[in-house]
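Q: Could you walk me through this model, starting with how the helices pack? I'd like the cut-offs along the way.

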Amino acid sequence: SEGRHPDHRVAAGLVRDAARRFVIPLWNAFHYFTSYAALDEFEPCGRLDALSPLDRYLLHETEQLRLSVERAMERYDFGAAYDAIEAFIETLSGWYLRLSRSKAWSSGISPAKAACYEVLHLSLETTARVVAPFMPFVAEALYQSLGSRHSVHLADWPAARAEWSDERLAAEMRAVRTIVRLARSIRERLRVKHRHPLPALYVGGVDSSVLTAHADLLRQE
């Protein structure tokens, strides 16, 4: 309003950028999960059986989100907290869900699909509680839609889940994601379309055991 200091005004572009980076991809991930889970009449039971490396990686990153936001808020470092949230949403939406689509698209409720649903439910429920101070209305909608009868703002902060942490797997997955990112950048620079499979890909600086362990992901990407 007139007379108000210009720094107090919220720029429309900043709001759109926040929605693009945080709200829309998180809500799309939630909608993806609930849509397919409803089709399969999935009911979460909390059992984590038949987890794939990708499933275990998402649980690790979910626990790291909780830890990173806790540490940032202990220092009142809001920028670091938002950075952690954005990085997690990218992992959830741009990596885990994209690579797990084949499970959701398969018919029936296989052990692999059930594990994917359980992991997504746990991850989204934890995420809603972690982001509640930063995205209060989105977090409330997520939390209520995941089955809670209470407000997310009355829920406890997520407890530490040491069993979700797997630093070795996380390091391997970071290497795989780096390989994929660099390969894509080379494709773009040389104008090699992504739908054309490469006859060969040579990787340096990464242990061959990592490439072997995650060969399926690399081929898929």
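Q: Which residues of α2 meet which residues of α4?
A: On the α2 side they are Asp55, Leu58, Leu59, Thr62, Leu65, Arg66 and Val69, and on the α4 side Ala115, Cys116, Val119, Leu120, Ser123, Thr126, Thr127 and Val130. Contact here means heavy atoms within 4.5 Å, and helices (H or I, at least four residues) and strands (E, at least two) are DSSP runs, numbered from the N terminus. Please keep in mind that this is a predicted model, in which local features need pLDDT of at least 70 and side-chain atom pairs count only at pLDDT 80 or more, while totals for chains, interfaces and linings use all residues. Residues are numbered from 1 along each chain as its sequence is written, and side-chain values use heavy atoms, with hydrogens and water left out.

Q: What sort of residues make up that contact of α2 with α4?
A: They divide into nine nonpolar, four polar and two charged, where Ala, Val, Leu, Ile, Met, Phe, Trp, Tyr, Cys and Pro count as nonpolar, Asp, Glu, Lys and Arg as charged, and the others, Gly among them, as polar.

Q: And how do the axes of α2 and α4 cross?
A: They cross at roughly 10° and come within 10 Å, the axes being lines fitted to C-alpha atoms, for helices over the stretch in contact, with angles that run from 0 to 180 degrees between N-to-C directions. The two helices, α2 and α4, are therefore roughly parallel to each other; angles under 35 degrees count as roughly parallel, over 145 as roughly antiparallel, 65 to 115 as roughly perpendicular and the rest as oblique.

Q: What about α2 and α3, at what angle do they pack?
A: The angle is about 170°, and the axes of α2 and α3 are 9 Å apart, which means α2 is roughly antiparallel to α3. The contact of α2 with α3 is made up of 17 nonpolar, four polar and three charged residues.

Q: Which residues touch the most other members of the largest nonpolar core?
A: Those are Ile85 and Trp95, in a core of 52 residues. A nonpolar core is a set of buried Ala, Val, Leu, Ile, Met, Phe, Trp, Tyr and Cys residues joined through side-chain atoms within 4.5 Å, and buried means under 20% relative accessible area, exposed over 50%, and partly exposed in between (1.4 Å probe, protein chains only).

Q: Which elements feed this core?
A: Two or more residues each come from α1 (12–39), α2 (53–74), α3 (78–105), α4 (111–131), α5 (136–145) and α6 (167–190), and the largest share, 11 residues, comes from α3.

Q: What is Ile85 in contact with?
A: Leaving aside neighbours within four places in sequence, Ile85 is in contact with Phe22, Leu65, Val69, Val131, Phe134 and Met135.

Q: Going back to α2, is His60 buried or exposed?
A: His60, which is found in α2, counts as buried because its relative accessibility is 2%. Beyond its neighbours within four places in sequence, His60 is in contact with Trp164, Ser165, Asp166, Glu167 and Ala170.

Q: And Leu169, buried or exposed?
A: Leu169 lies in α6 and, at 5% relative accessibility, counts as buried. With neighbours within four places in sequence set aside, the contacts of Leu169 are Pro53, Arg56, Tyr57 and His214.

Q: Changing topic, how many disulfides does a search of the whole structure find?
A: It finds zero, a disulfide being a pair of cysteine sulfur atoms within 2.5 Å. The sulfur of Cys116 is 14 Å from the closest cysteine sulfur, in Cys45, and that is too far for a bond. Cys116 counts as buried at 5% relative accessibility, whereas Cys45 is partly exposed, with a relative accessible area of 47%.

Q: Which residue in the loop between α2 and α3 has a positive phi although it is not a glycine?
A: That is Tyr76, with a phi of about 55°, and Tyr76 is exposed at a relative accessible area of 67%. Arg191, in the loop between α6 and α7 (208–213), also has a positive phi, of about 60°, without being a glycine, and Arg191 is exposed with a relative accessible area of 77%.

Q: Last one: how many helices and strands does the protein chain come to?
A: The chain comes to eight helices and zero strands, and 38% of its 221 residues count as buried.
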